[in-house]
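Subject: Structure for you to look at

Dear colleague,

Here is the structure I promised to pass on, with my notes on it below. Please have the sequence and the coordinates open while you read.

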Amino acid sequence: MARAPIAERLTAQALAGEPLGSPEAVAERLLAVQGQDPRGARLAVRARTEGVTAAGVDRALSEDRSLLITWLNRGTLHLVRSEDYPWLHALTAPTHFAGCRRRLQQEGISEGAGEKAMRTIESALAEEGPLTGRDLRARLDGAGVRTEGQAFIHLMFLAAARGILVRGPMLGKQHAYVLVRDWLGQQQPVDREEALAELARRYLVGHGPADDRDLARWAGLPLRDARAGLRAIASALKQREDGLVELKGSPDPAPLPPPRLLGAARKSSARTKCW
Amino acid sequence: MTTNGIFRPFALVDGRAVARWGLAAGKVTIEHLDEVLPKDAAALEKDAQRVLEYLGS
């Protein structure tokens with residue numbers, strides 16, 4: 001591949017150019033922000049904003065319910081706007097089930113025990129509201145479901161893939177789980193074609209220029225899905241000489257930003273200079 | 001769930017990752033991987049202060 005278009009991507013990612021004004025604006029621009037490490041997600045917001053603090057991120061997660069964290073792209077935790085959650089979840093969750101089932105088996109959780117865990121989690125959150133991981137683990141232990149080793153986190157992952165729960169408000173330093181239907185209201189069905197088109201468009205806004213493989217890798221979706229999304233927005237795309245595509249009317253690259261401490265990045269992303 | 005990739009905070013100068021950094025006990029430590037100009041190193045130290053303010057620590 002040709003030299004990575006660093007200035008363009010830094011601009012798309014809001015690391016170069018005018019800083020954004022809120023955590024929500026960052027999540028809107030990037031669509032999904034790495035959330036494996038809570039501090040890392042907050043630092044990703046910091047590097048792209050002015051006049052925002054980590055407490056502002058907590059507020060968006062808690063009081064405002066405008067942001068949430070759950071397992072999305074590549075089955076990893078991401079910070080997204082609540083309004084982007086339904087369709088991004090609908091696109092990415094189906095890719096998680098096979099691996100999830102395998103890992104629960106490895107942890108000694110039968111299918112029946114998994115279903116019991118889902119019912120237990122759902123009724124605990126419905127009756128008690130936001131609960132920390134520690135609380136939920138205690139409820140599962142109480143119901144006789146194995147939570148040893150990695151079993152607990154894989155059960156949370158399954159519940160997230162099913163669309164039962166997300167990480168919503170902060171309870172002190174802990175990020176609490178909530179029932180999706182209580183926290184965000186009843187979810188509307190998602191049109192897959194429209195969602196793939198939106199995915200392609202938003203990916204290019206916040207991460208472009210890029211190609212179909214970049215998109216597939218980022219989202220953790222099959223290449224055919226990435227291509228379908230890009231095809232659906234073909235009239236809005238500009239083919240570049242380096243083989244990548246960008247949205248027509250993409251802003252000119254801003255000057256490189258001043259020296260800055262960033263949060264953590266995936267190693268594979270750093271290689272393609274894509275943070 | 002996958003744990004693909006490696007997560008490690010880094011510092012960006014002129015579009016390049018030139019240092020790793022970490023935060024422990026309320027203090028930022030920057031570990032340079034590439035040589036940077038003194039003025040850039042100073043700018044990173046200043047940004048470290050802003051990181052602490054942002055996190056409220």
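I would begin with the surroundings of one helix of chain A: what covers the buried residues of H13(A) includes helix H11 (192–207), helix H12 (212–219), strand S6 (237–239) and strand S7 (245–247) of chain A. Please keep in mind throughout that this is a predicted model. Helix H13 itself spans residues 223–232 of chain A, and its buried residues are A:Asp225, A:Ala226, A:Gly229 and A:Leu230. These four lie on the same side of H13(A), because the arc they cover around the axis is only 130 degrees. A:Leu223 and A:Arg224, by contrast, are exposed, and they sit on the other side of H13(A).

The loop between H11 and H12 of chain A deserves a look of its own, since that is where A:Pro209 is found. The peptide bond that leads from A:Gly208 to A:Pro209 is cis, with omega near -5 degrees. For background, most peptide bonds are trans, and most residues other than glycine have a negative phi.

Two residues in the model have a positive phi without being glycine, and I describe them together here. In chain A, A:Arg74 has a phi of about 60 degrees, and its place is in the loop between strand S2 (67–71) and strand S3 (77–81) of chain A. In chain B, phi of B:Ala25 is near 50 degrees, and B:Ala25 is found in the loop between S2 and strand S3 (27–32) of that chain. Is each of them buried or exposed? A:Arg74 is buried, because 21 other C-beta atoms lie within 10 Å and the cut-off for burial is 20 or more. B:Ala25 is exposed, because it has 6 other C-beta atoms within 10 Å, where 12 or fewer count as exposed.

On the scale of whole domains, the domain assignment of chain A gives domain 1 (6–90 + 191–250) and domain 2 (97–162). The C-alpha centres of domain 1 and domain 2 of chain A lie 29 Å apart.

Next comes a pair of helices in chain A, H7 (residues 111–128) and H9 (residues 151–161), which pack at an angle of about 70 degrees, with their axes 10 Å apart. H7(A) is therefore roughly perpendicular to H9(A). On the H7(A) side the residues that meet the partner helix are A:Gly114, A:Ala117, A:Met118 and A:Ile121, while H9(A) brings A:Leu155, A:Leu158 and A:Ala159. Sorted by class, the contact of H7(A) with H9(A) has six nonpolar residues, one polar residue and no charged residues.

Helix H7 of chain A also holds A:Ala124, which is buried, with 20 other C-beta atoms within 10 Å. If residues up to four places away in sequence are not counted, A:Ala124 touches A:Leu131, A:Leu136 and A:Arg139. From C-alpha to C-alpha, A:Ala124 and A:Val178 are 9.8 Å apart in space, although they are 54 residues apart in sequence.

A:Ala264 can be described in a similar way: its place is in strand S8 (residues 260–265) of chain A, and it counts as buried, with 22 C-beta neighbours inside 10 Å. A:Ala264 and A:Gly35 are 229 residues apart in sequence, and their C-alpha atoms are 9.9 Å apart in space.

Chain B has one helix and three strands, and from the N terminus on its elements run β-β-β-α. Of the 57 residues in chain B, 25% are buried. When contacts in chain B are taken between residues at least 6 apart in sequence, 16% of them join residues at least 24 apart.

That leaves the contact of the two chains, which takes 25 residues from chain B and 31 residues from chain A. On the side of chain B that touches chain A, the elements that give two or more residues are strand S1 (8–13), strand S2 (16–24) and helix H1 (38–55) of chain B. Which of these elements gives the largest share? H1(B) does, with eight residues. By class, this side of chain B has 16 nonpolar, five polar and four charged residues.

With best regards

Methods. Residues are numbered from 1 along each chain as its sequence is written. Chains are lettered from A and ligands numbered from 1 in the order in which they are written. This is a predicted model: local features need pLDDT of at least 70, side-chain atom pairs count only at pLDDT 80 or more; totals for chains, interfaces and linings use all residues. Two residues are in contact if their C-beta atoms, placed from the backbone, lie within 7 Å. The arc is that of the directions from the helix axis to the C-beta atoms. Ala, Val, Leu, Ile, Met, Phe, Trp, Tyr, Cys and Pro count as nonpolar, Asp, Glu, Lys and Arg as charged, and the others, Gly among them, as polar. Axes are lines fitted to C-alpha atoms, for helices over the stretch in contact, and angles run from 0 to 180 degrees between N-to-C directions. Angles under 35 degrees count as roughly parallel, over 145 as roughly antiparallel, 65 to 115 as roughly perpendicular and the rest as oblique. Domain bounds come from an automatic or database domain assignment.
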